[in-house]
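Colleague: I am new to this structure. Please take one part of it and walk me through it closely, with the cut-offs behind each term.

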Amino acid sequence: MSALTERLDRMAAQTRVAGAVGGALRRLRRAGGNVALGLIDQALLSGSAFVLTIVLANVLDISSFGQFSIAWSFSILIEAVFLRGLFDDGLPATAHRIPKSLWPQLRFGLYLSSLGVSAALGLLLVIAGSVIVAIGGNAGGLVIATGLAIPAVRLQSMFRRICYLDGRLPRAVVSSLTYCVVLVASAGLMITLKLTGAAAAMACIAISAAVAASLLLVHTGELARPHARIFRGSLRRLFRNGRWFVATSLTYWIGSIGLIPVCGLLIGLDASASLRILLLVFAPLSQFCATMFSVRLPEIAAELRAGRRRAVAAAARENALLLGSIAAAYSAMVVLFGQRILALVIHGQTYEIGTGSLALMGLAMGLDAVWLGLALPLFATGKPQRFMLSRLAGLVALCCVLPFAAQAWLVMGAVAAMVASSGASVITVVLTNQAREQA
């Protein structure tokens, strides 16, 4: 009897897995057009970032490249964690709570408010950089260029997010293509004029983002001056949930990109540069997961708004299985061919990147993909606080492992700490989900 019971349990488990895979693939086929455009959009951005980083890794000395990597990581902290958490992540849930006839007011209000906040932050950096230049510091130009890049990148990001919300992904693709073309042209000009410094590289990003963001001027007919009540209400709802989005994204940043400046402090600028290259190798995987997240988020938000809340748990399992499987396949390819590819594209510099580091980074990114799949439905409902516990668990694991692992195994130790952080996050969210379903 026990053997028969075990066999039935195995058959049921296989049926659940097959059903989850089939459901994920059906959802992917239904969203095929948007997914394809989303992948093109993200491929343009990640491809341009990849090319720029490889160029800088070849033309800059390791110390200068490490400085650029640290400035880049802090710009990501401001844009992808703080500003995106406040304005972007809660947008689908907020937009679907108001009639679509009011969306022109929402769009205009978002452009104004996000530009105002980012411009204020950028101005502070420009002032700080000017002070550094005045006292003879070497990093002043880089700080000024970073301050100029922040509002430009924010406006482009807001334009693309609204394109995803409206289902007008061709516009996002055009914006990203514009960014890519201008970035290549400005980087080529930088090299021709022999302005190969970290500040010049950041200036290329600022110029490219500003030109790409200017495309929103073509669509001003879809904007309307917001009424004060609607404007305040939408921003209040965004900011109320935004603090949780910011906190969740911040814990993720600390455990990934945030390790670039931390490694610079604990090990040295060479380690910061090597970790930046490692993250770059896995950037296509991160961008694919971000595409699936951006495309699926408005769709799931609309479904849940329509009352189909039983789909939350099913959607979480399907997305986690899909993203986790893709991450495993990508990581296997990187472990097999990653070092050969890096040897072909990087010359004249020596970075601490071995097969062990690539394998550990693949494991960390795979766990992050699973976590993102589990988190997607709750982001769609505007309730990221339910996943904060898992990210806090990951942060605790990181803080416990990193100081010892980094000193013992340098860059490989830092990546091992990322694995511990991602693993703790996934384990915690699975346990809390099980407890919630049984309650």
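Modeller: What follows looks at one buried glutamate, then at its salt bridges, its helix and a few other places for context. This is a predicted model, in which local features need pLDDT of at least 70 and side-chain atom pairs count only at pLDDT 80 or more, while totals for chains, interfaces and linings use all residues. Residues are numbered from 1 along each chain as its sequence is written, and side-chain values use heavy atoms, with hydrogens and water left out.

The residue to start from is Glu79, which sits in helix α3, residues 62-87. Helices (H or I, at least four residues) and strands (E, at least two) are DSSP runs, numbered from the N terminus. Glu79 counts as buried because its relative accessibility is 4%. Buried means under 20% relative accessible area, exposed over 50%, and partly exposed in between, with a 1.4 Å probe and protein chains only. Leaving aside residues up to four places away in sequence, Glu79 touches Arg84, Val153, Arg154 and Ser157; contact means heavy atoms within 4.5 Å.

One of these neighbours, Arg154, forms a salt bridge with Glu79, with the closest N and O atoms 2.9 Å apart. Arg154 lies in helix α6 and Glu79 in helix α3, so the pair ties together parts 75 residues apart in sequence. Arg154 and Glu79 are both buried. A salt bridge here is a side-chain nitrogen of Lys or Arg within 4 Å of a carboxyl oxygen of Asp or Glu. A network of salt bridges links Glu79, Arg84 and Arg154.

By this rule the count comes to seven salt bridges. Among them is the pair of Arg160 and Asp41, whose closest N and O atoms are 2.6 Å apart. This pair links distant parts of the chain, 119 residues apart: Arg160 is in helix α6 (residues 140-166) and Asp41 in helix α2 (residues 32-59). Arg160 is buried, because its relative accessible area is 10%, and Asp41 is buried with a relative accessible area of 0%.

Another salt bridge joins the side chains of Arg171 and Glu222, at 2.6 Å from N to O. Arg171 is in helix α7 (residues 169-192) and Glu222 in the loop between α8 (198-213) and α9 (228-254), so that distant parts of the chain, 51 residues apart, are linked. Arg171 counts as partly exposed at 22% relative accessibility, and Glu222 is partly exposed with a relative accessible area of 22%.

Back to α3, the helix that holds Glu79. Two packed helices are described by the angle between their axes and the distance between the axes. Axes are lines fitted to C-alpha atoms, for helices over the stretch in contact, and angles run from 0 to 180 degrees between N-to-C directions. The axes of α3 and helix α5 (residues 103-134) come within 11 Å and cross at roughly 150°. α3 is therefore roughly antiparallel to α5; angles under 35 degrees count as roughly parallel, over 145 as roughly antiparallel, 65 to 115 as roughly perpendicular and the rest as oblique.

On the α3 side the contact is made by Ile78, Phe82, Leu83 and Phe87, and on the α5 side by residues including Leu110, Val117 and Leu125. The residues of this contact divide into eight nonpolar, three polar and no charged. Ala, Val, Leu, Ile, Met, Phe, Trp, Tyr, Cys and Pro count as nonpolar, Asp, Glu, Lys and Arg as charged, and the others, Gly among them, as polar.
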